[in-house]
Amino acid sequence: MTGIAVLGGAGESLRLPIDRLSVAAHRRVQRELQRVQDALDQPLPEIVAVDSSSRNAQLADHDKRRQALQERRGHLRALLDRLVPDSSPTVGGMVVPGCLVGVEGPDEPGVMTYEIAMLAGDEAERLSPDTPLGKALMWREVGDEVSWQTERGTRRRVIVRYIQD
């Protein structure tokens with residue numbers, strides 16, 4: 001996994017420490033892209049509100065979620081356009097989009113497996129890439145201790161136990 005891939009969007013670019021994904025991770029990214037597109041294709045849900053303020057709040061929530069889905073779709077498309085699927089066994093040493101990552105906390109026995117994705121898949125517990133833990137895990141390697149601050153201000157940490165393509 002050597003090389004740098006550059007993702008751009010809305011005038012910004014993001015340098016990635018990889019230029020390829022495992023075939024399995026590439027497929028997971030494709031499946032997540034399809035789930036995101038399916039969610040965007042859904043009609044506006046029925047608004048059940050008792051007053052205009054409540055209705056406006058529900059519409060604002062819907063617009064915010066839709067915007068997040070559109071941003072994720074753009075990010076996933078850029079990843080698929082720039083990262084080549086690779087079947088070599090050396091891919092998989094780093095937490096990358098589409099991989100499964102097992103982490104263990106010091107106060108929680110056992111390993112928890114996550115797929116970093118905006119919408120739930122069927123292989124592991126979903127961990128949004130927008131969460132503090134999701135952001136902290138990206139580009140880490142097995143054995144790394146990852147610490148982050150929760151939205152409530154609490155410091156947490158986990159150790160990356162495995163990464164599965």
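**Stop 1: Arg-28**

Select Arg-28, which lies in helix α1, the stretch covering residues 23–41. Keep in mind that this is a predicted model. Is Arg-28 buried or exposed? Arg-28 is buried, because its relative accessible area is 4% and the cut-off for buried is under 20%.

Now show the side chain of Arg-28. A polar atom of that side chain lies 2.8 Å from the backbone oxygen of Gly-98. Next, colour the contacts of Arg-28, leaving aside neighbours within four places in sequence. You should light up Gly-98, Cys-99, Leu-100, Glu-115, Glu-123, Gln-164 and Asp-165.

**Stop 2: the largest cavity**

Stay with Arg-28. This residue helps line the largest cavity, together with Arg-31, Arg-35, Glu-115, Gly-121, Asp-122 and Glu-123. How much space lies in the largest cavity? About 30 Å³. The count of cavities of 30 Å³ or more comes to one. Helix α1 supplies the largest share of the lining, three residues. Glu-115 and Glu-123 line the cavity, and they are also among the contacts of Arg-28.

How is such a space found? Rolling a probe the size of a water molecule over the atoms shows where empty space is left.

**Stop 3: the whole protein**

Zoom out and switch to a cartoon view. The protein has three helices and nine strands. Trace them from the N terminus: the order is β-β-β-α-α-β-β-β-β-α-β-β. There are 165 residues, and 35% of them count as buried.

Colour by surface next. The accessible surface is about 9700 Å², and carbon and sulfur atoms hold 46% of it. Then think about contacts between residues with a separation of 6 or more. Of these, 54% join residues 24 or more positions apart.

**Stop 4: the largest nonpolar core**

Select Ile-18, Leu-21, Val-95, Val-101, Leu-133, Leu-137 and Val-158. Within the largest nonpolar core, which has 33 residues, these touch the most other members. Which elements each supply at least two residues of this core? They are α1, α2 (52–82), β5 (100–104), β6 (112–116), α3 (132–137), β8 (145–149) and β9 (155–164). Helix α1 gives the most, with five residues.

**Stop 5: Val-158 and Asp-107**

Keep Val-158 selected. Again leave aside neighbours within four places in sequence. The contacts of Val-158 include Leu-133 and Leu-137, two residues you picked for the core. Others among them are Val-103, Glu-104, Gly-105 and Trp-148.

Now find Asp-107 in the loop between β5 and β6. Asp-107 is exposed, because its relative accessible area is 73% and the cut-off for exposed is over 50%. Draw a line from Asp-107 to Val-158, C-alpha to C-alpha. It spans 9.2 Å, although the two are 51 residues apart in sequence.

**Stop 6: the second largest pocket**

Select Tyr-114, Leu-127, Leu-133, Trp-148 and Arg-156. Of the 17 residues that line the second largest pocket, these lie nearest its centre. The elements giving two or more residues to the lining are β5, β6, α3 and β9. About 320 Å³ of space lies in this pocket. Leu-133 belongs to the core as well.

**Stop 7: Gln-67**

Finish in helix α2, where you will find Gln-67. Gln-67 is partly exposed, with a relative accessible area of 39%. Add Leu-40 to the selection. How far apart in space are Gln-67 and Leu-40, C-alpha to C-alpha? The distance is 9.5 Å, with their positions 27 residues apart in sequence numbering.

Technical notes: Residues numbered from 1 in each chain as written. Predicted model: local features only at pLDDT ≥ 70, side-chain atom pairs only at ≥ 80, totals over all residues. Heavy atoms only, no water. Helix = DSSP H or I, 4+ residues; strand = E, 2+ residues; numbered from the N terminus. Buried < 20%, exposed > 50% of the residue type's maximum accessible area, 1.4 Å probe, protein only. Contact = heavy atoms within 4.5 Å. Areas by Shrake-Rupley, 256 points an atom, 1.4 Å probe, with all protein chains shown as cover. Polar contact = N/O pair within 3.5 Å; in protein donor to acceptor, adjacent residues only side chain to side chain. Core = buried A, V, L, I, M, F, W, Y, C linked by side-chain atoms within 4.5 Å. 1 Å grid on protein atoms, 1.4 Å probe; cavity = no way out; pocket = protein on both sides within 12 Å on 5 of 7 lines; lining within 4 Å. Points joined across faces, edges and corners; volume = space filled by probe spheres on them.
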